Amino acid sequence: MNLPQGFEDNLLRLLGARAFASPPKRLNGGYWAALYSFELAGHETLRGPLVLRVMPTSDEKCAREAAFQSAVSRAGSPAPRVHLSGGRGDGFGFPYIVMQRLGGSVLGVRSLWQLPALLGTTLAV
């Protein structure tokens, strides 16, 4: 997936930041999405490692995924906190999620038992 030229400047604008402490760098993985790690310089609230997840899907599916991920995080599972999500019109050409970058493995067994209820609640919105 190729992002438009100047997407770094657009990312700074969307996040209300002036500069990167570490510019976006493509990560491996992400299943069908493109992942970029980065850190902002001197941002008041967005500190530490972040991830931009750009997805070749509809704006609606991206919004649903961001809501589901937020619900998993609020339920106490080790899921990255979603800071911002948006659609194709925001300058990346694809829907996206900006989230906290966490180390470790994917969802644990305890979390898997909660997923059906969280998914049902999220899809009902």
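These legends go with several close-up views of a predicted model.

**View 1. The whole protein combines 3 helices and 5 strands.** Along the sequence, the elements follow the pattern α-β-β-β-α-β-β-α. The protein has 125 residues, and 38% of them count as buried. Its exposed area is about 7500 Å². Carbon and sulfur atoms supply 54% of that area. Now look at contacts with a separation of 6 or more in the sequence. Residues 24 or more positions apart account for 51% of them.

**View 2. The 5 strands form an open sheet.** The strand order is E1-E2-E3-E5-E4, and the pairing is antiparallel. Strand E1 (19-27) and strand E4 (82-86) are the edge strands. Each of these two pairs on one side only. Neighbouring strands are turned by 20° against each other on average, direction ignored. In a regular strand, side chains alternate between the two faces of the sheet.

**View 3. E1 and E2 make a hairpin.** The two strands run antiparallel and are joined by 6 bridges. Ala19 has Ala41 in E2 as its bridge partner. Between the strands lie 6 residues. One residue in the turn is Gly29, with a positive phi of about 90°. How much of E2 is buried? The count is 6 of its 8 residues, so strand E2 is mostly covered.

**View 4. E3 pairs with E2 and with E5.** E2 and E3 are antiparallel and share 5 bridges. E3 and strand E5 (residues 96-100) also pair in the antiparallel sense, over 5 bridges. Follow Val54 in E3 to see both pairings. Ala34 stands opposite Val54. In E5, Tyr96 is the bridge partner of Val54.

**View 5. Helix H1 lies across the strands.** H1 covers residues 7-15. The helix lies across E1, strand E2 (34-41), E3, E4 and E5. It runs at about 125° to E1. Which residues of H1 are buried? Phe7, Asn10, Leu11, Leu12 and Leu15 are. Their cover includes E1, E2, E3, E4 and E5. Just after H1 comes Gly16, with a positive phi of about 70°.

**View 6. A search of the whole structure finds 2 aromatic pairs.** Two values describe such a pair: the distance of the ring centres and the angle of the planes. Phe7 and Tyr36 have ring centres 5.4 Å apart and planes at 55°, so this pair is tilted. Phe7 is in helix H1 and Tyr36 is in strand E2, 29 residues apart. Both Phe7 and Tyr36 are buried. Phe20 and Phe38 form an edge-to-face pair. Their centres are 5.9 Å apart, with 85° between the planes. This pair links Phe20 in strand E1 to Phe38 in strand E2, 18 residues apart. Phe38 counts as buried because its relative accessibility is 1%, and the cut-off for buried is under 20%.

**View 7. Glu65 and Arg53 form a salt bridge between a helix and a strand.** The closest N and O atoms are 2.0 Å apart. Glu65 sits in helix H2 (residues 59-74), and Arg53 sits in strand E3 (residues 50-54). The two residues are 12 apart, and the pair links distant parts of the chain. Is Arg53 buried or exposed? With 11% relative accessibility, Arg53 counts as buried.

**View 8. Glu60 and Arg64 form a salt bridge within helix H2.** A search of the whole structure finds 2 salt bridges. In this one, the closest N and O atoms are 3.7 Å apart. Glu60 and Arg64 are 4 residues apart in H2, so about one helical turn separates them. Glu60 counts as exposed, at 57% relative accessibility. Arg64 counts as partly exposed, at 32%.

**View 9. Thr57 lies in the loop between E3 and H2.** Its relative accessibility is 13%, so Thr57 counts as buried. What does Thr57 touch, not counting residues up to four places away in sequence? The residues are Trp32, Cys62, Arg88 and Pro95.

Methods. Residues are numbered from 1 along each chain as its sequence is written. This is a predicted model: local features need pLDDT of at least 70, side-chain atom pairs count only at pLDDT 80 or more; totals for chains, interfaces and linings use all residues. Side-chain values use heavy atoms; hydrogens and water are left out. A salt bridge is a side-chain nitrogen of Lys or Arg within 4 Å of a carboxyl oxygen of Asp or Glu. Buried means under 20% relative accessible area, exposed over 50%, partly exposed in between (1.4 Å probe, protein chains only). Two strands pair if DSSP finds at least two bridges between them. Axes are lines fitted to C-alpha atoms, for helices over the stretch in contact, and angles run from 0 to 180 degrees between N-to-C directions. Contact means heavy atoms within 4.5 Å. Accessible areas come from the Shrake-Rupley method with a 1.4 Å probe; for residues, only the protein chains shown count as cover. Rings of Phe, Tyr and Trp (its six-membered ring) pair if their centres lie within 6.5 Å; planes under 30 degrees apart count as stacked, over 60 as edge-to-face and the rest as tilted.
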